[in-house]
Amino acid sequence: MFKATAVAPANLAFVKYWGKIDPRINLPCNNSISVNLSEAFTTTTVEFDPSYQNDEVVSVNATEKASTKFSARVSAHLNRIRSIANVSFKARVTTENSFPSGVGIASSASGFAALTLAAIGALGLELSNNQISAIARLGSGSACRSIPDGFVEWIAGKDNDTSYAITLAPPNHWRINIVSVVVSQITKKTSSTDGHSLAPMSPFFEKRLDTIEKRLELVRNSIRDKDFQQFGRELEKEAISMHAIAMTSPIETIDGWISGCYYWLPDTLELMLAAQNWRTNGLNTFFTLDAGPTVHFICQDDDLTNLLSNIDILKNKYPLREWRIMINQPSLGARLIPTK
Ligand code: DP6
């Protein structure tokens, strides 16, 4: 009776969310722009039942340790939705990712977007897309961008109700390829949640925020006009800007003090430098990076084969390199699907 299934995509940010005004409600310091990914999604079924004693979370992909932490976050998120519906039923949640963990694509965005929509659907709540996006944001900030379709902007807003994501353009507006090169599957030392809280420690953080409005405008316009050159330049500069903040945010760890947080590995840098060379040789591609060593290249269809063969040449330079490659296109946002 109180059961629904939702599917939601992961998303990749072109203008990044890095730094929170209010971490309790994941209120960001700035707007961000992203695209939903066609091949990386989470499918979640939520079933509320008055006879259940506890929430039960079955995560098909999670390791045992991750799953205990994840279950607590899922329950906390369900509590938010239960309080809107004014019910106290416990739930059984089954969730599965189309992509393995550790591939450099965060599952928290797709996971919390799918959980939010499935729980709302199961309880029959009538909410607008903006409201659903705002609720997904409370689970993980970037999850709000996985609710609307296609190319998306998260409006930072001023409070809980005004911070949500909207569609800038539908997925079929512009066919671009996102080629993610996963250079390592080792868990990163600093999570993105910790990275957000450290960001204001960087002496360059305010400067970044001063320049972000202009960048948002350029990225928005380049998506609207399908201007690949402007788009690529802005997204690559943006990725470096976010990482410059991370690298200049000092942090006290259990192992001692470090001057900044480096998400890059030597292979990451090799790929970034390679992109500069490839461009001088006529390969039209640009990259972006999230809080991890994976390099995400963006290209149009005409350049895809050339890009993949250039990545392959680099990969084969060292036989022990275990890079994994994932190719995505823009996709729809979260939606309900028939429950099995
Ligand atoms: C680098 O959404 O994972 O991917 O709100 O603490 O869950 P929490 O953080 P999260 O941060 C994503 C950071 C990023 C940039 C981005 O996706 O905009």
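User: Which strand gives the most to the lining of the second largest pocket?
Analyst: Strand 11 (residues 256–258) does, with 3 residues. Strands (E, at least two residues) and helices (H or I, at least four) are DSSP runs numbered from the N terminus. Lining residues have an atom within 4 Å of a point of a pocket, an open set on a 1 Å grid over the protein atoms alone, with protein on both sides within 12 Å along at least five of seven lines.

User: What kind of model is this?
Analyst: This is a predicted model, where local features need pLDDT of at least 70 and side-chain atom pairs pLDDT 80 or more, while totals for chains, interfaces and linings use all residues. Residues are numbered from 1 along each chain, and side-chain values use heavy atoms, without hydrogens and water.

User: How much space lies in that second largest pocket?
Analyst: The second largest pocket holds about 420 Å³ (space filled by probe spheres set on the points). It has 19 lining residues, and T187, K188, K189, T190 and Y262 are the closest to its centre.

User: How does its lining divide by class?
Analyst: The lining of the second largest pocket has 10 nonpolar, 6 polar and 3 charged residues. Asp, Glu, Lys and Arg count as charged, Ala, Val, Leu, Ile, Met, Phe, Trp, Tyr, Cys and Pro as nonpolar, and the others, including Gly, as polar.

User: How many cavities are there?
Analyst: The whole structure has 2 cavities of 30 Å³ or more (points where a 1.4 Å probe fits but cannot get out).

User: What lines the largest cavity?
Analyst: Its lining consists of T44, F70, V74, V93, T95, G111, F112 and L115, around about 40 Å³ of space. Helix 2 gives the most, with 3 residues, and helix 1 (64–85) and strand 6 (90–97) each supply at least two. No residue of this lining is charged; 5 are nonpolar and 3 polar.

User: And which residues line the second largest cavity?
Analyst: W18, T190, G195, L198, A246, S249, C261 and Y263 line the second largest cavity, which holds about 30 Å³ of space.

User: Changing topic, at what angle do helix 5 and helix 6 pack?
Analyst: Helix 5 (residues 205–225) and helix 6 (residues 228–247) pack at about 160°, with axes 10 Å apart. They are therefore roughly antiparallel (over 145 degrees).

User: Which residues make the contact?
Analyst: Among them are F205, R208, I212 and R215 of helix 5, and Q230, F231, E234 and K237 of helix 6 (heavy atoms within 4.5 Å). By class, the residues of this contact are 8 nonpolar, 4 polar and 5 charged.

Definitions and conventions: Axes are lines fitted to C-alpha atoms, for helices over the stretch in contact, and angles run from 0 to 180 degrees between N-to-C directions. Angles under 35 degrees count as roughly parallel, over 145 as roughly antiparallel, 65 to 115 as roughly perpendicular and the rest as oblique.
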